[in-house]
Amino acid sequence: MSINVGENDSIIRQLDQILNDAISKRASDIHFEPYREYYRVRFRIDGLLHEFNKLGSNLGQRFSSRLKIMANLDIAEKRLPQDGRFTLKLNNQQYRDRDCRLSTCPTQFGEKLVVRILDPINIVLNAEDLGFNKKELKIFCKHIHLPQGLILVTGPTGSGKTSTLYAAINILNQYTKNISTAEDPIEINLNGINQVEINHKIGLDFAMVLRAFLRQDPDIVMIGEIRDRETAEIAVKAAHTGHLVLATLHTNSAPATLTRLLNMGTPAFNLASALKLVIAQRLIRKLCPDCKEVQAIPPEVLIENKLEKNIKIFAPKGCKHCNEGYHGRIAIFEMLEVTPIVSNLTMKYHNGGEIEKHLEPLCHCTLRTAALNKVCEGITSLEEINRVII
């Protein structure tokens with residue numbers, strides 16, 4: 001397709017405007033989606049997608065070409081997915097330059113593009129700001145200062161697991177410690193930390209990087225994600241041989257983490273002795289302090305959620321300072337300390353089975369209870385926790 005200079009300048013201006021609008025609205029991702037009759041642009045703000053604009057379907061290929069040029073991708077390749085990155089230079093002094101990740105995927109009516117906007121300043125590095133209560137913070141700090149063992153942070157994609165790991169690494173970052181991380185991708189550069197970005201194209205996966213780490217006298221190792229049996233085995237081995245290992249895993253709850261690892265083929269006796277703490281987490285939207293309003297709650301809802309009758313609960317309203325009544329997000333946590341009781345249950349139910357129902361009462365707080373506590377504190381709404389927590 002041929003585009004004259006005037007059209008090309010117009011596409012650049014339109015795309016720059018979209019990128020700037022996304023940053024001003026605190027969007028984490030921009031979705032460019034081609035359909036038969038229109039081209040849709042959506043922003044992900046505080047975890048939810050919002051439609052920003054619908055454009056002519058003829059703009060799809062032009063936006064795709066421009067973004068691919070920015071990310072140094074092959075503009076002629078439209079049949080296969082591609083991944084790239086670029087730095088967005090902003091003229092507006094109010095905002096910082098952003099590191100952006102571009103992902104392309106061929107669909108029925110053209111390429112869908114997703115731009116992830118990384119803002120290192122918004123990644124929480126202080127554990128106190130993550131959302132821990134005093135008890136949870138004490139448990140967290142106690143375990144990350146252990147000389148060895150495996151600590152796992154679990155949850156679905158976009159639940160803030162990486163921020164929790166970064167907060168732990170930030171606390172542990174001392175010149176007396178050799179700390180290495182394997183990440184996919186590296187979201188923020190940390191001074192004093194040896195960070196390695198996974199590159200599957202050349203075979204540099206988590207398992208290979210971990211084996212290299214163990215030959216370099218590490219004290220602390222962070223694994224971006226345990227995805228397979230080999231990575232799990234190396235992580236457990238490292239935890240057994242005098243290293244503190246921090247990692248993430250995709251599970252729905254803290255007890256489900258042990259089932260997942262056992263199903264991966266991790267021997268129960270190794271897991272029972274290496275694992276020290278499991279943290280399951282979610283991100284929930286915070287109510288806007290400028291417009292939240294008191295909500296009348298039916299008695300049956302109070303009884304169902306075991307809330308006191310005189311509790312004051314708030315609901316979203318919406319104003320110029322927020323997005324549909326919410327502004328920002330906070331994490332909620334479910335913690336399972338691996339005590340001798342938990343270790344014995346892991347050995348007893350080494351085939352998975354009913355281990356989860358036996359572990360649930362041993363958690364310090366379930367995710368739903370943690371979320372309800374935020375409701376009682378006026379931080380979020382019942383509507384929000386019902387959206388996030390099953």
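Which residues is N305 in contact with, leaving aside its neighbours within four places in sequence? The first legend has the answer; note that everything here comes from a predicted model.

**View 1. N305 sits in a loop and reaches R368.** N305 belongs to the loop between α9 (299-304) and β14 (314-315). Leaving aside its neighbours within four places in sequence, its contacts are R368, L372 and L382. With R368 the link is polar, side chain to side chain, at 3.0 Å. N305 is buried, too, with a relative accessible area of 8%.

**View 2. Helix α12 lies across β12 and β15.** This helix covers residues 367-376, and β12 covers 275-287. Against β15, α12 runs at about 140°. In the sheet, β12 and β15 sit next to each other in the strand order.

**View 3. Seven strands make an open, mixed sheet.** Reading across, the order is β9-β8-β10-β11-β7-β12-β15, and the pairing is mixed. The edges belong to β9 (194-197) and β15 (326-337); each has a single partner strand, so one side of each goes without a neighbour in the sheet. On average, neighbouring strands are turned by 15° against each other, direction ignored.

**View 4. Strand β7 is buried along its length.** Take residues 149-154: six of the six are buried, so β7 is largely enclosed by the rest of the structure. G149, I151 and V153 point one way, while L150, L152 and T154 point the other way. With β11 (residues 244-249), β7 pairs in the parallel sense over six bridges, and G149 has L244 as its bridge partner there. With β12, the pairing is again parallel, this time through five bridges. There, V153 is matched with I279.

**View 5. Helix α5 crosses three strands of the sheet.** Residues 206-214 form α5, which lies across β8, β9 and β10 and runs at about 170° to β8. Underneath the naming, β8 (residues 179-183) and β10 (residues 220-223) are a parallel pair with four bridges. One of the matches is I179 with I220 in β10.

**View 6. E230 and R211 join two helices.** Their side chains meet in a salt bridge, 2.5 Å from N to O. E230 is in helix α6 (residues 229-240) and R211 is in helix α5, so to speak of distant parts of the chain here is to speak of 19 residues. Both ends are partly exposed: E230 has 36% relative accessibility, and R211 has a relative accessible area of 34%.**View 7. E197 and R85 link two strands.** The closest N and O atoms of this salt bridge are 3.5 Å apart. E197 lies in β9 and R85 in β4 (residues 82-88), so the pair ties together parts that are 112 residues apart in sequence. E197 is partly exposed, at a relative accessible area of 30%, and R85 counts as partly exposed at 38%.

**View 8. R40 and E33 belong to a salt-bridge network.** The structure holds 18 salt bridges. In one of them, the side chains of R40 and E33 meet at 2.8 Å, N to O. R40 is buried, with a relative accessible area of 15%, and E33 is buried at 4%. The network they belong to links E33, R40, R42 and K112.

**View 9. V115 is packed among residues from elsewhere in the chain.** V115 is part of strand β6 (residues 110-118), and with 0% relative accessibility it counts as buried. Leaving aside neighbours within four places in sequence, V115 is in contact with S28, D29, I30, F32, L67, F86, C100, R101 and L102. L67 is 48 residues away in sequence, yet the C-alpha atoms are 9.0 Å apart. That leucine is one of the buried residues of helix α2 (residues 60-70), which also include G60, R62, F63, S64, K68 and M70. After α2 comes N72, with a positive phi near 60°.

**View 10. C288 and C319 stay unbonded.** Why is there no bond between the sulfurs of C288 and C319? They are 3.8 Å apart, which is too far, given that a disulfide needs the sulfur atoms within 2.5 Å. The structure holds zero disulfides. C363 is in none either, and its nearest cysteine sulfur, that of C365, is 9.1 Å away. C288 is buried, with a relative accessible area of 1%, and C363 is buried at 11%.

Definitions and conventions:
Residues numbered from 1 in each chain as written. Predicted model: local features only at pLDDT ≥ 70, side-chain atom pairs only at ≥ 80, totals over all residues. Heavy atoms only, no water. Buried < 20%, exposed > 50% of the residue type's maximum accessible area, 1.4 Å probe, protein only. Pairing = 2+ DSSP bridges. Axes fitted to C-alpha atoms, helices over the stretch in contact; angles between N-to-C directions. Contact = heavy atoms within 4.5 Å. Polar contact = N/O pair within 3.5 Å; in protein donor to acceptor, adjacent residues only side chain to side chain. Salt bridge = Lys/Arg side-chain N within 4 Å of Asp/Glu carboxyl O.
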